[in-house]
Amino acid sequence: MAHSRVQLIRDQAGRPLKFVGTIQDISERKWAEEELARREADFRNLFEGSLQGICLHQEWRPLICNQAYADIFGYGHPDEITALGSIEHLYAPHEIERLMGYRRLRRQGQAAPER
(Lines give C-alpha, C1' and ligand atoms only; values in the text may rest on other atoms or scores of the structure.)
Protein backbone atom coordinates (compact mmCIF):
# COMPACT_ATOMS: atom_id res chain seq x y z
CA MET A 1 0.00 0.00 0.00
CA ALA A 2 1.37 3.40 -0.91
CA HIS A 3 0.59 6.78 0.50
CA SER A 4 1.06 9.64 -1.93
CA ARG A 5 0.93 13.38 -1.75
CA VAL A 6 0.84 15.35 -4.99
CA GLN A 7 0.71 19.09 -5.57
CA LEU A 8 -0.03 20.79 -8.89
CA ILE A 9 2.22 23.80 -9.57
CA ARG A 10 0.74 26.49 -11.80
CA ASP A 11 2.26 29.52 -13.50
CA GLN A 12 1.08 33.09 -12.90
CA ALA A 13 -1.68 32.69 -15.47
CA GLY A 14 -2.97 29.58 -13.68
CA ARG A 15 -1.76 27.11 -16.29
CA PRO A 16 -0.42 23.81 -14.97
CA LEU A 17 3.38 23.65 -15.04
CA LYS A 18 4.26 20.46 -13.16
CA PHE A 19 3.35 18.04 -10.45
CA VAL A 20 5.46 17.71 -7.33
CA GLY A 21 4.88 14.84 -4.97
CA THR A 22 6.07 12.04 -2.78
CA ILE A 23 5.10 8.42 -2.55
CA GLN A 24 5.73 6.37 0.55
CA ASP A 25 5.16 2.65 0.91
CA ILE A 26 3.24 2.17 4.18
CA SER A 27 2.43 -1.52 3.70
CA GLU A 28 4.62 -2.63 6.58
CA ARG A 29 3.21 0.00 8.94
CA LYS A 30 -0.38 -0.97 7.98
CA TRP A 31 0.42 -4.65 8.56
CA ALA A 32 1.94 -3.81 11.98
CA GLU A 33 -1.13 -1.76 12.96
CA GLU A 34 -3.46 -4.58 11.94
CA GLU A 35 -1.34 -7.16 13.80
CA LEU A 36 -1.32 -4.98 16.92
CA ALA A 37 -5.12 -4.63 16.74
CA ARG A 38 -5.46 -8.44 16.43
CA ARG A 39 -3.18 -9.05 19.40
CA GLU A 40 -4.95 -6.43 21.51
CA ALA A 41 -8.28 -8.13 20.71
CA ASP A 42 -6.82 -11.52 21.67
CA PHE A 43 -5.49 -10.11 24.96
CA ARG A 44 -8.81 -8.41 25.73
CA ASN A 45 -10.74 -11.63 25.04
CA LEU A 46 -8.39 -13.63 27.26
CA PHE A 47 -8.43 -10.98 30.00
CA GLU A 48 -12.17 -10.38 30.05
CA GLY A 49 -13.13 -14.01 29.50
CA SER A 50 -10.88 -15.42 32.21
CA LEU A 51 -12.49 -17.18 35.15
CA GLN A 52 -9.52 -16.02 37.20
CA GLY A 53 -9.67 -12.60 38.79
CA ILE A 54 -7.16 -10.29 37.12
CA CYS A 55 -6.30 -6.74 38.08
CA LEU A 56 -3.40 -4.80 36.59
CA HIS A 57 -2.24 -2.11 38.95
CA GLN A 58 0.59 0.32 39.46
CA GLU A 59 1.59 0.88 43.06
CA TRP A 60 -1.83 -0.48 44.14
CA ARG A 61 -3.69 1.96 41.85
CA PRO A 62 -5.92 -0.25 39.70
CA LEU A 63 -5.54 0.36 35.98
CA ILE A 64 -7.88 -2.35 34.65
CA CYS A 65 -9.68 -5.30 36.18
CA ASN A 66 -11.82 -8.06 34.78
CA GLN A 67 -15.33 -9.04 35.90
CA ALA A 68 -14.06 -12.11 37.75
CA TYR A 69 -11.88 -9.88 39.95
CA ALA A 70 -14.85 -7.61 40.66
CA ASP A 71 -16.96 -10.65 41.54
CA ILE A 72 -14.34 -11.98 43.97
CA PHE A 73 -14.47 -8.76 45.97
CA GLY A 74 -18.24 -8.28 45.71
CA TYR A 75 -18.31 -5.46 43.17
CA GLY A 76 -20.85 -5.37 40.37
CA HIS A 77 -18.52 -4.01 37.69
CA PRO A 78 -14.73 -3.68 37.24
CA ASP A 79 -15.08 0.11 36.88
CA GLU A 80 -16.12 0.26 40.53
CA ILE A 81 -12.70 -1.11 41.47
CA THR A 82 -10.71 1.16 39.17
CA ALA A 83 -12.61 4.09 40.68
CA LEU A 84 -11.34 3.16 44.16
CA GLY A 85 -7.91 4.66 43.60
CA SER A 86 -6.23 1.83 45.52
CA ILE A 87 -6.78 -1.90 45.92
CA GLU A 88 -4.47 -2.24 48.89
CA HIS A 89 -7.39 -2.26 51.36
CA LEU A 90 -8.88 -5.30 49.60
CA TYR A 91 -6.07 -7.53 50.91
CA ALA A 92 -5.24 -8.74 54.41
CA PRO A 93 -2.24 -6.93 55.97
CA HIS A 94 -0.07 -10.09 55.98
CA GLU A 95 -0.77 -10.54 52.26
CA ILE A 96 0.31 -6.95 51.56
CA GLU A 97 3.62 -7.59 53.32
CA ARG A 98 4.17 -10.81 51.34
CA LEU A 99 3.34 -9.16 48.00
CA MET A 100 5.54 -6.14 48.75
CA GLY A 101 8.39 -8.55 49.55
CA TYR A 102 7.96 -10.21 46.15
CA ARG A 103 7.98 -6.82 44.46
CA ARG A 104 11.20 -5.84 46.23
CA LEU A 105 12.85 -9.07 45.07
CA ARG A 106 11.77 -8.51 41.46
CA ARG A 107 13.05 -4.93 41.49
CA GLN A 108 16.40 -6.20 42.74
CA GLY A 109 16.51 -8.71 39.89
CA GLN A 110 16.06 -11.69 42.20
CA ALA A 111 13.68 -14.60 41.76
CA ALA A 112 10.20 -14.22 43.23
CA PRO A 113 7.07 -16.32 42.80
CA GLU A 114 5.04 -15.25 39.80
CA ARG A 115 1.74 -16.27 41.42
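**Exercise 1. Is Arg38 buried, partly exposed or exposed, and what is its relative accessibility?** Then work out how Arg38 and its neighbours in helix H1 are linked by salt bridges.

*Solution.* Keep in mind that this is a predicted model.

Step 1. Start with the class of Arg38. Buried means under 20% relative accessible area and exposed means over 50%, with partly exposed in between. Arg38 has 42% relative accessibility, so Arg38 counts as partly exposed.

Step 2. Look for a partner. Arg38 forms a salt bridge with Glu35, and their closest N and O atoms are 2.6 Å apart. Both residues are in helix H1, and because they are three residues apart, about one helical turn separates them.

Step 3. Now classify Glu35. Its relative accessible area is 18%, so Glu35 is buried.

Step 4. Check Glu35 for another salt bridge. The side chain of Glu35 also meets that of Arg39, at 2.9 Å from N to O. Arg39 and Glu35 are four residues apart in helix H1, again about one turn of the helix. With 55% relative accessibility, Arg39 counts as exposed.

**Exercise 2. Which residues are joined with Glu33 into one salt-bridge network?**

*Solution.*

Step 1. Take one link of the network. Glu33 and Lys30 form a salt bridge, with 3.9 Å between the closest N and O atoms. The cut-off is 4 Å, so this pair qualifies.

Step 2. Place the pair. Both residues lie in helix H1, three residues apart, about one turn of the helix. Glu33 is partly exposed at 41% relative accessible area, and Lys30 is partly exposed at 31%.

Step 3. Name the network. Arg29, Lys30 and Glu33 are joined by salt bridges that share partners. The whole structure holds nine salt bridges.

**Exercise 3. How many aromatic pairs does a search of the whole structure find?** Describe the pair formed by Trp60 and Tyr91.

*Solution.*

Step 1. The search finds four aromatic pairs.

Step 2. In the pair of Trp60 and Tyr91, the ring centres are 6.0 Å apart and the planes stand at 55°. Planes under 30 degrees apart count as stacked and over 60 as edge-to-face, with the rest tilted, so this pair is tilted.

Step 3. Find both residues along the chain. Trp60 sits in the loop between strands E3 and E4, while Tyr91 sits in the loop between helices H3 and H4, so the pair ties together parts that are 31 residues apart in sequence.

Step 4. Compare their surroundings. Trp60 is buried at 9% relative accessibility, whereas Tyr91 is partly exposed at 26%.

Step 5. Add another pair. Tyr69 and Phe73 are also tilted, with 4.9 Å from centre to centre and 55° between the planes. Tyr69 is buried at 4%, and Phe73 is partly exposed at 26%. Trp60, Tyr69, Phe73 and Tyr91 form one aromatic cluster.

**Exercise 4. How many residues make up the largest nonpolar core?** Then find a nonpolar patch on the surface.

*Solution.*

Step 1. The largest nonpolar core has nine residues, among them Trp60, Tyr69 and Leu90.

Step 2. Follow one member outward. Leaving aside residues up to four places away in sequence, Leu90 touches Tyr69, Phe73 and Tyr75.

Step 3. Turn to the surface. Val6, Leu8 and Phe19 form a nonpolar patch there, with about 310 Å² of accessible area together. Leu8 lies in strand E1 and is partly exposed at 33% relative accessible area.

Notes
Residues are numbered from 1 along each chain as its sequence is written. This is a predicted model: local features need pLDDT of at least 70, side-chain atom pairs count only at pLDDT 80 or more; totals for chains, interfaces and linings use all residues. Side-chain values use heavy atoms; hydrogens and water are left out. Patches are made of residues with over 30% relative accessible area and no salt bridge: like charges are joined within 9 Å, nonpolar side chains (Val, Leu, Ile, Met, Phe, Trp, Tyr) within 5 Å. Accessible areas come from the Shrake-Rupley method with a 1.4 Å probe; for residues, only the protein chains shown count as cover. Helices (H or I, at least four residues) and strands (E, at least two) are DSSP runs, numbered from the N terminus. Buried means under 20% relative accessible area, exposed over 50%, partly exposed in between (1.4 Å probe, protein chains only). Rings of Phe, Tyr and Trp (its six-membered ring) pair if their centres lie within 6.5 Å; planes under 30 degrees apart count as stacked, over 60 as edge-to-face and the rest as tilted. A nonpolar core is a set of buried Ala, Val, Leu, Ile, Met, Phe, Trp, Tyr and Cys residues joined through side-chain atoms within 4.5 Å. Contact means heavy atoms within 4.5 Å.
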